[in-house]
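Thank you all for making time this morning. I would like to walk you through one structure, moving from a single residue outwards to the whole fold, so please keep the sequence and the model in view as I talk.

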Amino acid sequence: MPVDEKEMPLRMRLVTLVLGFVFLTSGATKLLGLSELAAFFVSLRLPAWMLPAVGGAELIVGLLTLNRSTHSYGAVGVALMMIGAALSHVMTGFMLPMVFLDAVLFVAAVWVIVKDRPFFLRVTR
């Protein structure tokens with residue numbers, strides 16, 4: 001059962017707030033189309049059209065994570081995006097230290113998912 005608003009522990013609330021704000025700010029900067037980010041995407045051998053697509057996805061995931069009733073779904077999005085980010089960082093050999101940050105955000109998202117136990121993780125007997 002999803003964590004009720006009044007029962008949400010402070011630790012989970014802090015983790016979801018951090019994840020939400022990280023992805024909101026990251027998505028917003030990608031959607032603003034800063035030239036440094038466009039050059040970064042090209043250096044990762046990614047097409048330019050992926051910059052606004054990833055930015056929009058990050059913005060949605062950030063909003064889902066900040067909303068108390070949908071934070072576990074946002075955490076699933078965070079986990080999936082961190083897998084993709086880590087793969088792109090490892091495959092290009094670019095910014096390998098970023099893989100550590102990818103892993104930290106992935107673990108935080110999985111922690112939220114496991115603690116919240118959304119319907120797709122519930123075991124019924």
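Let me begin with a cut-off: a residue is called buried when its relative accessible area is under 20%, exposed when that value is over 50%, and partly exposed in between. What we have on the screen is a predicted model, and everything I say should be heard with that in mind.

With that cut-off, take Asp 102, which sits in helix H5. Its relative accessible area is 4%, and because that is under 20%, Asp 102 counts as buried. What is Asp 102 in contact with, once its neighbours within four places in sequence are left aside? The partners are Met 82, Ala 85, Ala 86 and His 89. In addition, the C-alpha atom of Asp 102 is separated by 9.7 Å from that of Val 78, and these two residues are 24 residues apart along the chain.

Compare that with Arg 68, whose place is in the loop between H3 and H4. Arg 68 has a relative accessibility of 33%, which lies between the two cut-offs, and therefore it counts as partly exposed. Its C-alpha atom is separated by 8.4 Å from that of Arg 13, although the two are 55 residues apart along the chain.

Now to the nonpolar interior. As a general matter, nonpolar side chains in soluble globular proteins tend to be buried together. Here the largest nonpolar core has 13 residues, and those touching the most other members are Leu 19, Phe 23, Ala 75, Val 78, Met 82, Leu 105 and Ala 109. Helices H1, H4 and H5 each supply at least two residues of this core. If we follow Leu 19 and do not count residues up to four places away in sequence, we find that it touches Thr 65, Val 78, Leu 105, Ala 108, Ala 109 and Val 112.

Met 81, in helix H4, deserves a look as well. Leaving aside neighbours within four places in sequence, Met 81 is in contact with Phe 23, Val 54, Ala 57, Glu 58 and Val 61. For the last of these, Val 61, the C-alpha to C-alpha distance from Met 81 is 9.2 Å, at 20 residues apart in sequence.

That brings me to the largest pocket, which has a volume of about 500 Å³. Its lining consists of 23 residues, of which Lys 30, Val 54, Glu 58, Ala 85 and His 89 are the closest to the centre. Which elements give two or more residues to this lining? They are helices H1 (10–31), H2 (35–43), H3 (50–66), H4 (71–92) and H5 (97–116), and H4 gives the most, with six residues. By class, the lining has 16 nonpolar, four polar and three charged residues.

Finally, let me step back to the whole protein, which has five helices and zero strands and, read along the sequence, follows the pattern α-α-α-α-α. Of its 125 residues, 34% count as buried. Among contacts with a separation of 6 or more, 69% are accounted for by residues 24 or more positions apart. The accessible surface comes to about 7,600 Å², and 74% of that surface belongs to carbon and sulfur atoms.

Conventions
Residues are numbered from 1 along each chain as its sequence is written. This is a predicted model: local features need pLDDT of at least 70, side-chain atom pairs count only at pLDDT 80 or more; totals for chains, interfaces and linings use all residues. Side-chain values use heavy atoms; hydrogens and water are left out. On a 1 Å grid over the protein atoms alone, a cavity is a set of points where a 1.4 Å probe fits but cannot get out, and a pocket is an open set with protein on both sides within 12 Å along at least five of seven lines; lining residues have an atom within 4 Å of a point. Grid points are joined across faces, edges and corners, and a volume is the space filled by probe spheres set on the points. Helices (H or I, at least four residues) and strands (E, at least two) are DSSP runs, numbered from the N terminus. Ala, Val, Leu, Ile, Met, Phe, Trp, Tyr, Cys and Pro count as nonpolar, Asp, Glu, Lys and Arg as charged, and the others, Gly among them, as polar. A nonpolar core is a set of buried Ala, Val, Leu, Ile, Met, Phe, Trp, Tyr and Cys residues joined through side-chain atoms within 4.5 Å. Buried means under 20% relative accessible area, exposed over 50%, partly exposed in between (1.4 Å probe, protein chains only). Contact means heavy atoms within 4.5 Å. Accessible areas come from the Shrake-Rupley method with a 1.4 Å probe; for residues, only the protein chains shown count as cover.
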